Amino acid sequence: MTDHKPLLDPALLGAEVVEPVSTVASGPLLEAVDIRKRYGRNEVLRGVSFGVERGDVKAVLGPSGSGKSTLLRCLALLEPIDSGQVRLEGRTVGVRSSGRAARLPERELAHQRRDIGMVFQRFNLFPHLTALGNVMLGLTEVRGRSKAEAAQVAGDMLERVGLGARVRFYPSELSGGQQQRVAIARALVMNPKVMLFDEPTSALDPELVGEVLAVMEELAREGMTMVVVTHEIGFAKRVASRVIMMDEGEIVEDGTPTEFFGSPRHERTRRFLEAVH
């Protein structure tokens with residue numbers, strides 16, 4: 001990080017005027033309601049429900065194959081759910097309810113995804129675009145900004161995540177940590193209401209993990225609502241408002257970091273923590 005200017009500076013993001021507090025929906029900002037997802041005979045999500053309050057950080061832990069990444073993809077409207085609801089600010093998203101719920105066409109899904117930022121394990125950058133090109137793409141293609149305005153906003157955001165000197169570099173010329181920070185900048189310039197992170201440090205060399213976690217911790221301090229699938233126990237202890245444990249498509253534990261790590265209620269959680277420690 002090159003300075004102490006906030007990552008979520010509204011002027012930087014070109015954000016619309018914030019609604020008065022009285023008009024903001026009460027209740028969780030993001031909510032999963034009895035989400036079920038099956039691939040063939042494999043039931044990956046078995047009635048997952050939880051909410052994330054505005055400004056909170058929800059850390060999601062669990063063994064591989066427990067449904068964590070699938071859950072995030074459902075919350076990001078990238079995967080259709082078989083039943084249940086995803087709610088953003090109290091409104092069901094991803095489907096049109098007219099009798100039997102039907103998934104929205106891709107154009108409408110893309111419009112709703114503007115409010116949900118997603119950062120993947122493997123960066124998913126376009127190799128033929130520079131760091132600047134990757135970050136500004138959503139601004140021009142989705143937000144309808146001019147190229148000049150988008151380049152200014154994207155350049156400022158890359159500066160905020162410590163990559164001001166790398167704006168003209170292609171992904172192949174960047175380290176894994178730098179690529180992931182480009183991916184975070186790309187999501188942030190869309191001014192999302194919530195950020196979803198799918199094990200954002202799992203593909204990084206150990207010495208590069210800290211630079212990505214530092215950006216995420218800064219976001220948390222500035223009040224960004226976040227759901228983070230992670231194996232970084234230290235991050236979950238320091239930053240999370242609540243921690244949940246998933247196993248075999250279900251939530252088996254949900255508590256504050258003190259409760260979750262200090263006195264877990266379920267044997268499955270205790271065995272998992274013993275293994276990762």
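This report describes salt bridges and the packing of one helix in a predicted model.

**Salt bridges**

The count of salt bridges in the model comes to 22. Three of these pairs are listed below.

| Acidic residue | Basic residue | Closest N to O distance |
|---|---|---|
| Glu-79 | Arg-73 | 3.5 Å |
| Glu-108 | Arg-96 | 2.5 Å |
| Glu-267 | Arg-271 | 3.9 Å |

The pair of Glu-108 and Arg-96 links distant parts of the chain, with Glu-108 in helix H3 (residues 106–113) and Arg-96 in strand S6 (residues 95–96), 12 residues apart. Glu-108 is partly exposed at 33% relative accessibility, and Arg-96 is partly exposed at 37%. In the pair with Glu-79, Arg-73 has a relative accessibility of 30% and is likewise classed as partly exposed.

A network of salt bridges connects Arg-54, Glu-89, Arg-91, Asp-115 and Lys-193. Within this group, Glu-89 occupies the loop between strand S4 (83–88) and strand S5 (91–93). Glu-89 counts as buried because its relative accessible area is 9%, under the 20% limit. The side chains of Glu-89 and Lys-193 are joined by a polar contact of 2.8 Å.

**Helix H10**

Helix H10 spans residues 267–276, and its buried residues include Thr-269, Phe-272 and Leu-273. These three lie on the same side of H10, because they cover an arc of only 95° around the axis. Glu-274 and Ala-275, on the other side of H10, are exposed. The buried residues pack against strands S3 (57–61), S11 (242–247) and S12 (250–255), and against helix H9 (257–262).

Glu-267 and Arg-271 also belong to H10, where they stand 4 residues apart, about one turn of the helix. Glu-267 is partly exposed at 42% relative accessibility, and Arg-271 is partly exposed at 42%.

Conventions. Residues numbered from 1 in each chain as written. Predicted model: local features only at pLDDT ≥ 70, side-chain atom pairs only at ≥ 80, totals over all residues. Heavy atoms only, no water. Helix = DSSP H or I, 4+ residues; strand = E, 2+ residues; numbered from the N terminus. Buried < 20%, exposed > 50% of the residue type's maximum accessible area, 1.4 Å probe, protein only. Polar contact = N/O pair within 3.5 Å; in protein donor to acceptor, adjacent residues only side chain to side chain. Arc of directions from axis to C-beta. Contact = heavy atoms within 4.5 Å. Salt bridge = Lys/Arg side-chain N within 4 Å of Asp/Glu carboxyl O.
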